[in-house]
Amino acid sequence: GLFGKFTVTLKLYPAIVTLHLLGGLFLLALLAVQRESFLARPLALPPALRRGAIAVLVLLTLQIALGGWVSTNYAVLACGGFPTCNGRWWPDADFVNGFSLLRDLGHTADGELLPFQALVAIHFVHRAFALVVAVAAVALAIGLLRQPQAGLARWGQGLLALLAAQIASGLSNVVLQWPIVAALAHSAGAAALVLLLAVLLARSAPAAVPVRQPRPAAGLA
């Protein structure tokens, strides 16, 4: 609520708007975990895959923060074309000013107008880090698909489907010049990915999975 207030009173201060986005998604994840605690539907997930799901969620959170930084700085169209950015694999970018957090919208930390190269840097990092998240998410999905336990394959399929939709909506923002439908779909896709991973981790938490006690040996009961 306070971030929502400061979004208005501080005139779209980029760091505040990005934190407002992250706070909303964090609240969504907490509500999902709370719901799962009432439903009590445990899921036996191997420890390695559970650690992988946590790693993917951390990477996804960083990527959403980068995406929020792109949106709050209006840098969606700073990189034209795909897969190159403005016709180059490594565009001319100002990473220092682009990722200076304590500054007003459209200005550097010194109060000067934010150069276009800073917007390019913001967009380019979000685009590059998307590849890292995609590789990690696909690896997790393949691990889930290979599990013999009933139901785990569906989680892998769902993760792949949401990831494909998220990539498609992200590309359409660039190719179609940032239409509102694609922007909303990209935000909704990020929330859906967070929701899927939060529920997966909640159901596979050690406290949620009942531990089978070994039967006493004959004659010792």
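Me: Which helices are included in what covers the buried residues of α3?
Reply: In this predicted model, the buried residues of α3 have cover from several parts of the chain. That cover includes α2 (14-39), α4 (95-98), α5 (116-145) and α7 (180-203).

Me: Which residues of α3 are buried?
Reply: Buried here means a relative accessible area under 20%. In α3 the residues that meet this are Leu-49, Ala-53, Val-56, Leu-60, Gln-63, Ile-64, Leu-66, Gly-68, Trp-69, Val-70 and Thr-72.

Me: How many Å does helix α3 reach from its first C-alpha to its last?
Reply: Helix α3 runs over residues 47-72, which gives it 26 residues. At 1.5 Å a residue the expected span is 38 Å, and the value in the model is close to that: 37 Å.

Me: Which residue with a positive phi follows α3?
Reply: The phi in question is near 55 degrees. The residue that has it, after the end of α3, is Tyr-74.

Me: How are α3 and α5 oriented to each other, roughly parallel or roughly antiparallel?
Reply: The axes of α3 and α5 come within 9 Å and cross at roughly 160 degrees. An angle over 145 degrees counts as roughly antiparallel. The two helices, α3 and α5, are therefore roughly antiparallel.

Me: What is the handedness of the crossing of α3 and α5, and how many charged residues does the contact have?
Reply: The crossing of α3 and α5 is left-handed. Among the residues that make the contact are Leu-49, Ala-53, Val-56 and Trp-69 of α3, and Phe-129, Val-133, Leu-140 and Leu-144 of α5. By class, the contact of α3 with α5 has 18 nonpolar and six polar residues, and the number of charged ones is zero: no charged residues.

Me: Where does Ala-53 lie, and what is its relative accessibility?
Reply: Ala-53 is a residue of helix α3. Leaving aside neighbours within four places in sequence, Ala-53 is in contact with Leu-140, Leu-197, Leu-200 and Leu-201. Ala-53 counts as buried, because its relative accessibility is 0%.

Me: What distance separates the C-alpha atoms of Ala-53 and Leu-197?
Reply: Along the chain, Ala-53 and Leu-197 are 144 residues apart. In space, their C-alpha atoms are separated by 6.7 Å.

Me: Is Leu-45 buried or exposed?
Reply: Leu-45 is found in the loop between α2 and α3. Not counting residues up to four places away in sequence, Leu-45 touches Arg-50, Leu-144, Leu-152, Leu-200 and Ser-204. Its relative accessible area is 11%, so with the cut-off for buried at under 20%, Leu-45 is buried.

Me: How are α1 and α2 oriented to each other, roughly parallel or roughly antiparallel?
Reply: Helix α1 covers residues 2-9, and the axes of α1 and α2 come within 9 Å, crossing at roughly 150 degrees. That makes α1, relative to α2, roughly antiparallel.

Me: Which residues of α1 and α2 make the contact?
Reply: The crossing of α1 and α2 is left-handed. On the α1 side the contact is made by Phe-3, Gly-4, Phe-6 and Thr-7, and on the α2 side by Ile-16, Val-17, Leu-19 and His-20.

Me: How many helices and strands does the chain have?
Reply: Read along the sequence, the chain follows the pattern α-α-α-α-α-α-α. The count is seven helices and zero strands.

Me: What percentage of the residues of the chain count as buried?
Reply: The C-alpha trace of the chain spans about 85 × 40 × 30 Å along its principal axes. Of the 221 residues of the chain, the part that counts as buried is 37%.

Methods
Residues numbered from 1 in each chain as written. Predicted model: local features only at pLDDT ≥ 70, side-chain atom pairs only at ≥ 80, totals over all residues. Heavy atoms only, no water. Helix = DSSP H or I, 4+ residues; strand = E, 2+ residues; numbered from the N terminus. Expected span 1.5 Å × (residues − 1). Buried < 20%, exposed > 50% of the residue type's maximum accessible area, 1.4 Å probe, protein only. Contact = heavy atoms within 4.5 Å. Axes fitted to C-alpha atoms, helices over the stretch in contact; angles between N-to-C directions. Parallel < 35°, antiparallel > 145°, perpendicular 65-115°, else oblique. Left-handed = near helix turned anticlockwise from the far one by under 90°. Nonpolar A, V, L, I, M, F, W, Y, C, P; charged D, E, K, R; others polar.
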